[in-house]
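User: I am new to this structure and would like to be walked through its sheets, its empty spaces and its unusual backbone places. Please take the questions one at a time.

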Amino acid sequence: MRRILTVEEMSSADKSAVCFGIPSLVLMERAALSVVEEIVNHGLDTSSILVLCGQGNNGGDGAAIARIFAERGIKSEIMLFGNPDKFSEQLKIQLHICEHYDINIVKKYEPEKYTLVIDAIFGIGLHRDISGEIYEVITKVNNSGSAVVAVDISSGISGNTGKVMGCAVRADMTVTFAAAKTGHYLYPGAGYTGELVIKDIGIPVGDNEKNSLYNIEESDFNALPKRDETGNKSTFGKLLVIAGSKDIFGAAYLCAKAALKCGIGMIRVITEKSNKTALNTLLPEAFVDTYDEKKADEEKIENLIRTGLIWADGVVIGPGLGTDICSEMILETFLKLNSRKDCMLPVVFDADALNMIAKGEFDWKFDETLNVVTPHIGEMSRLVNKTVSEIKEDLIGTAKKFAYENNVICVLKDARTVVAYPKGDVFVNTSGCSALATAGSGDVLSGIIAAFRLRYMKTGLPVEAMAVYLHGALGNIASKDASAGSVTASELPEILNQINFL
């Protein structure tokens with residue numbers, strides 16, 4: 001896992017480094033050197049370089065970069081923005097050094113002159129919209145065709161929210177220091193970041209129990225225990241999937257299939273009777289129990305669900321379930337039975353279960369168990385009575401508040417899915433691509449999450465966030481040799497055959 005820092009946390013880390021006795025100019029030198037190294041390592045064309053420098057320390061980084069290139073016999077030019085009277089002391093020092101290296105300061109940006117533009121105008125602390133000359137230059141840079149490298153963060157991107165502040169530099173690569181910032185990962189900022197390279201320059205980044213942001217990495221899966229060679233099908237968990245209304249069997253199938261492919265030992269599906277033949281054919285490994293939507297009564301539904309709960313170790317409820325009277329009866333009966341301490345199981349609430357919960361008529365919170373909710377933006381809008389745009393402006397805050405107030409793990413699905421835990425830890429998922437924006441993808445995710453919970457919950461690892469990462473990785477693999485738009489959800493569980501730790 002890697003820490004992700006807010007702007008405020010990064011500022012605090014910078015101050016800690018100085019308090020430890022590391023001079024600011026040393027950190028600036030390390031930062032500049034790391035950017036130069038990445039430019040060289042990536043083989044970018046350095047035959048004609050322009051460094052855009054703002055009036056703060058980010059501009060100081062830029063001036064130091066120009067000087068390091070000069071030391072290596074590579075010429076570059078600098079374009080300065082801002083009031084010289086307001087230049088930071090570090091920038092002034094760097095510019096004074098540059099005077100000895102014959103580095104030209106230009107007044108006008110001429111796009112056709114440069115093969116590489118280095119953006120060091122603003123750092124992560126930008127709080128106002130960009131306008132005027134800087135706006136015009138950034139627009140020209142984005143249309144120039146030159147390679148663009150951003151120092152710390154693309155100028156114009158909010159370090160905390162990823163919001164575009166008027167306009168923003170669209171970088172091919174961003175070199176940031178100590179840790180990624182939330183603005184690197186959240187859209188639209190993620191779309192302006194390009195390849196993100198994180199460099200350690202000696203700034204201490206400790207853990208912060210009050211506000212911990214992370215992202216999962218592939219190496220984190222090494223901590224998962226290996227499959228027990230002496231186990232049996234009961235060892236690996238029994239999952240109850242309550243899903244699928246009349247003639248809607250796909251969601252139940254995709255959820256159950258994904259869970260089985262993730263190593264669950266046994267699956268039982270409760271669904272409408274019209275789905276039985278299809279599920280028995282497509283998924284012969286599953287037990288399929290059915291009800292008749294037209295003839296269902298509370299007693300029959302209760303007996304069906306009670307039997308399932310006695311059998312199971314965990315539950316997914318909601319995929320394709322519908323929101324009609326029968327569906328409401330199923331949810332209400334399930335909530336009543338699962339609230340008993342003698343049979344209370346961990347639950348993944350998905351899709352239509354969330355749509356029914358959003359009506360406010362169900363007592364769905366359990367203090368004794370830590371359950372998961374998996375809303376996409378539209379479902380979250382109904383759950384919290386906010387507009388989609390309001391939620392998108394604060395994905396992390398919305399998920400974090402909902403998790404805390406409802407004692408659940410909130411998997412808020414978007415282009416960047418956020419997984420918030422009720423005690424405050426938040427994971428911003430960085431795997432996945434637009435291949436996952438397809439019908440049924442969320443059903444696959446709910447099955448993966450449920451499987452990971454049953455198999456690995458006792459490890460103490462953030463297995464829900466790990467499940468989200470794995471789901472995203474499936475999308476990346478599926479689109480590797482095909483267009484993202486051609487990927488279907490039914491392909492995703494099959495790719496789990498390639499995941500060796502399952």
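The turns below go through the sheets, then the pockets and the cavity, then the backbone.

Analyst: Before starting, please note that this is a predicted model, in which local features need pLDDT of at least 70 and side-chain atom pairs count only at pLDDT 80 or more, while totals for chains, interfaces and linings use all residues. Residues are numbered from 1 along each chain as its sequence is written, and side-chain values use heavy atoms, with hydrogens and water left out.

User: Which strands stand at the edges of the open sheet of twelve strands?

Analyst: Strands (E, at least two residues) and helices (H or I, at least four) are DSSP runs numbered from the N terminus, and two strands pair if DSSP finds at least two bridges between them. The twelve strands follow the order β8-β1-β10-β19-β18-β17-β16-β15-β14-β11-β12-β13, with mixed pairing. Each edge strand has a single partner, so one side of each is left without a neighbour in the sheet, and these strands are β8 (180-181) and β13.

User: Which residue stands opposite valine 269 in β13?

Analyst: Strand β12 (residues 266-272) and strand β13 (residues 287-291) run parallel and are joined by five bridges. With helix α9 (residues 276-282), the two strands make a right-handed β-α-β unit, where right-handed describes a path from the first strand over the helix to the second that runs clockwise when the strands point away from the viewer. Opposite valine 269 stands valine 288.

User: What angle does the direction of α16 make with that of β15?

Analyst: Strands β14 and β15 run parallel, joined by three bridges, and valine 316 has valine 348 in β15 as its bridge partner. Helix α16 packs on this sheet and touches β11, β14, β15, β16 (371-373) and β17 (408-412), contact meaning heavy atoms within 4.5 Å. Axes are lines fitted to C-alpha atoms, for helices over the stretch in contact, and angles run from 0 to 180 degrees between N-to-C directions; for α16 and β15 the angle is about 160°.

User: In the open sheet of seven strands, what is the order of the strands?

Analyst: The edges are held by β4 (104-106) and β9 (195-199), each with a single partner strand, so one side of each has no neighbour in the sheet. The twist averages 25° from one strand to the next. The pairing is parallel, and the order is β4-β3-β2-β5-β6-β7-β9.

User: Which residue in β9 stands opposite threonine 176?

Analyst: Strand β7 (residues 173-177) pairs with β9 in the parallel sense over five bridges. Helix α2 packs on the sheet, touching β5 (116-120), β6 (147-151), β7 and β9, and its direction makes about 150° with that of β7. The residue opposite threonine 176 is isoleucine 198.

User: Which element gives the largest share of the lining of the largest pocket?

Analyst: On a 1 Å grid over the protein atoms alone, a pocket is an open set of points with protein on both sides within 12 Å along at least five of seven lines, a cavity is a set where a 1.4 Å probe fits but cannot get out, and lining residues have an atom within 4 Å of a point. The largest pocket has a volume of about 820 Å³, a volume being the space filled by probe spheres set on the points, which are joined across faces, edges and corners. Its lining has 33 residues, of which Asp14, Gly56, Asn57, Asn58 and Gly123 lie nearest its centre. The largest share, six residues, comes from α1.

User: How much space lies in the largest cavity?

Analyst: The structure holds one cavity of 30 Å³ or more. Among the residues that line the largest cavity are Leu239, Gly314, Val348 and Arg453, and α16 gives the most to this lining, with three residues. The space in the largest cavity is about 40 Å³.

User: Which peptide bond is cis?

Analyst: Most residues other than glycine have a negative phi, and most peptide bonds are trans. Aspartate 247, which is not a glycine, has a positive phi of about 65° and lies in the loop between β11 and α8. Proline 188 is placed in the loop between α6 (182-185) and α7 (190-193). With omega near 10°, the cis bond runs from tyrosine 187 to proline 188.
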